[in-house]
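Here's a quick tour for anyone opening this structure for the first time. Take a look at the model, then read on for a walk through some of its spots.

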Amino acid sequence: MMRDGAAALAGSDSETMIEVDLPGRRYDIVIGEGLLAAAGERLAAALPQARYAVVSDANVAGLHLAPLKASLEETGSFLGSAVVAPGETSKSFPVLEKLCETLLELGVERGDCVIALGGGVVGDLAGFAASILRRGVRVVQMPTSLLAQVDSAIGGKTGIDTKHGKNLIGTFHQPSLVVADVSVLSTLPTREFRAGYAEVAKYGLLGDAPFFAWLEQNWKDVFAGTDAKRRQAVETSARAKAKIVMADEREESGTRALLNLGHTFGHALEAFAGYSDRLLHGEAIAIGMRLAFTYAVEQGLCPQDDAARVAKHFTDVGLPTEISAIPGDAPSPGELLRLMAQDKKVRGGKLALVLARGIGEAFVESDVAMDRLTAFLKEECTRR
Ligand SMILES: NC(=O)c1ccc[n+]([C@@H]2O[C@H](COP(=O)([O-])OP(=O)(O)OC[C@H]3O[C@@H](n4cnc5c(N)ncnc54)[C@H](O)[C@@H]3O)[C@@H](O)[C@H]2O)c1
């Protein structure tokens, strides 16, 4: 077992433990194969006396709930499950309300625990429900999408969307444990895997140039999942996320904001596309990161070669890099700017963007010149 984070202890190779060491809220991220079917015993040891209500979506429940349920039943700790519809539309007030009622009907008490079994949607929704249910019950994140394993399940951000934008209602509620079973990624549709890969690449782009170079060399094996490289990519990413969360749990010092590389552009594109299959979150972020690099080049902040490498790598793996790649009508620059201004990275009316001085060198530009950004978006909205 490998333990990383504040302390590193060597052990067996079958699973990797990454410690998220936050004052009063420390937890482990366990990464390995076949972990769902053995979760009952692990949870009984980690959270004695707790009973578990599993929240999942219909896709994931059909594929992966049974082994987890059986394992929890073995330890007599399964309360029941609540299954929501797959997709971003489940991160809404009506679904949250229904979920909270269901969890109460299942008998979740203060000492019990919610398990979020699914992608980022389930993780954000179930984490939020846990944080407000009976003034807060514990949550264990069991991420099943690549995006959730490398990003959303770690760090305690929970929330739902509103008509004003994504993730505008939510809480910080750190999980008690994260169990990332990489074997479940084999059932993830390729398009979803690819979208999650954008977040993997993000860790290289924001602060780890050697990792980005490794991905340029090894992405085919990461996608194929036939050797240890997929797991290596998940571990490197999870470790990077844990490190950032430990440095800046509540996005106060600016370190955690670096995770938003490409996200202000990306969230605006996602909102424009109606949070639909037209453009997945990771696809929007891929276009957003390419835009952030190009904008940085145009402002004389970043070498052109680095921006070209970003665009090439995303194109190689099949991720979109252009606004024109979004099917259907193109957004107008004004529309995009309005949507970008609604992003929660706006402070005192000023737009902040996470840009890069090169691969692995992201930084927060907190006073973006609106006239330059408008001119940039005009160019980008018509680029083919
Ligand atoms: N909390 C955070 O820090 C944070 C960070 C990044 C993103 N997010 C949020 O994450 C969400 C996106 O997450 P996502 O990309 O995982 O989307 P998702 O949860 O919608 O999952 C994508 C699709 O894959 C399916 N799926 C998941 N795991 C599967 C598996 N193993 N096999 C087969 N199908 C599977 C789901 O049913 C869904 O249809 C967004 O709402 C975004 O805002 C949150």
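Let's start with N167, whose place is in strand 9. Its phi is positive, at about 55°, although N167 is not a glycine. Before going further, keep in mind that this is a predicted model.

Y275 has a similar story to tell: here too phi is positive, at about 45°, and Y275 is not a glycine either. You'll find Y275 in the loop between helix 9 (263-272) and helix 10 (281-298). With a relative accessible area of 22%, Y275 is partly exposed.

**Around the ligand**

Strand 9 comes up again at the ligand. Which elements supply at least two residues each to the shell around the ligand? They are helix 2 (58-74), helix 4 (120-132), helix 5 (146-152) and strand 9 (165-169). Helix 2 gives the largest share, with four residues.

The shell holds 27 residues, and the closest are D57, E88, G120, S145 and T187. Sorted by class, the shell has ten polar, nine charged and eight nonpolar residues.

Some backbone atoms come within a few ångströms of the ligand. G120, one of the closest residues, has a polar backbone atom 2.8 Å from an oxygen atom of the ligand. For K157, a backbone N or O atom lies 3.0 Å from a nitrogen atom of the ligand. V184 likewise has a backbone N or O atom 3.0 Å from a nitrogen atom of the ligand. How much of the ligand's area does the protein bury? Taken alone, the ligand exposes 860 Å², and the protein buries 90% of that.

K157 deserves a second look. It sits in the loop between helix 5 and strand 8 (160-162). Its relative accessibility is 31%, so K157 counts as partly exposed. K157 and F128 are 29 residues apart along the chain, and their C-alpha atoms are separated by 8.3 Å.

**The second largest pocket**

Now for a pocket. The second largest one has a volume of about 220 Å³. Its lining is made up of Y203, L206, G207, D208, T236, R239, A240, K243, I244, A247, T255 and L258. Helix 6 (190-207) and helix 8 (229-247) each supply at least two of the lining residues. The largest share, six residues, comes from helix 8. By class, the lining of this pocket divides into six nonpolar, three polar and three charged residues.

One of those lining residues, D208, can be paired with M17 for a look along the chain. M17 and D208 are 191 residues apart in sequence, and their C-alpha atoms are 21 Å apart in space. The place of M17 is in strand 2 (residues 15-20). Is M17 buried or exposed? At 9% relative accessibility, M17 counts as buried, because buried means under 20%.

**Side chains in contact**

Two buried residues reach out to others through their side chains. S131 is in helix 4, and its relative accessible area of 13% makes it buried. Q174 is in the loop between strand 9 and strand 10 (177-181), and is buried too, with a relative accessible area of 9%. Which side chains does Q174 contact? The side chain of Q174 makes polar contacts with the side chains of Y27 and E249. Here are the distances, along with the contact of S131.

| Side chain | Partner side chain | Polar contact distance |
|---|---|---|
| S131 | T171 | 2.8 Å |
| Q174 | Y27 | 2.6 Å |
| Q174 | E249 | 3.1 Å |

**An exposed residue to finish**

Last stop: Q49, which lies in the loop between helix 1 (39-46) and strand 4 (52-57). Is Q49 buried or exposed? Its relative accessibility is 77%, so Q49 counts as exposed, since the cut-off for exposed is over 50%. Measuring along the sequence is one thing and through space another: Q49 and R138 are 89 residues apart in sequence, and 12 Å apart in space from C-alpha to C-alpha.

Notes
Residues numbered from 1 in each chain as written. Predicted model: local features only at pLDDT ≥ 70, side-chain atom pairs only at ≥ 80, totals over all residues. Heavy atoms only, no water. Near = heavy atom within 4 Å. Polar contact = N/O pair within 3.5 Å; in protein donor to acceptor, adjacent residues only side chain to side chain. Areas by Shrake-Rupley, 256 points an atom, 1.4 Å probe, with all protein chains shown as cover. Nonpolar A, V, L, I, M, F, W, Y, C, P; charged D, E, K, R; others polar. 1 Å grid on protein atoms, 1.4 Å probe; cavity = no way out; pocket = protein on both sides within 12 Å on 5 of 7 lines; lining within 4 Å. Points joined across faces, edges and corners; volume = space filled by probe spheres on them. Buried < 20%, exposed > 50% of the residue type's maximum accessible area, 1.4 Å probe, protein only.
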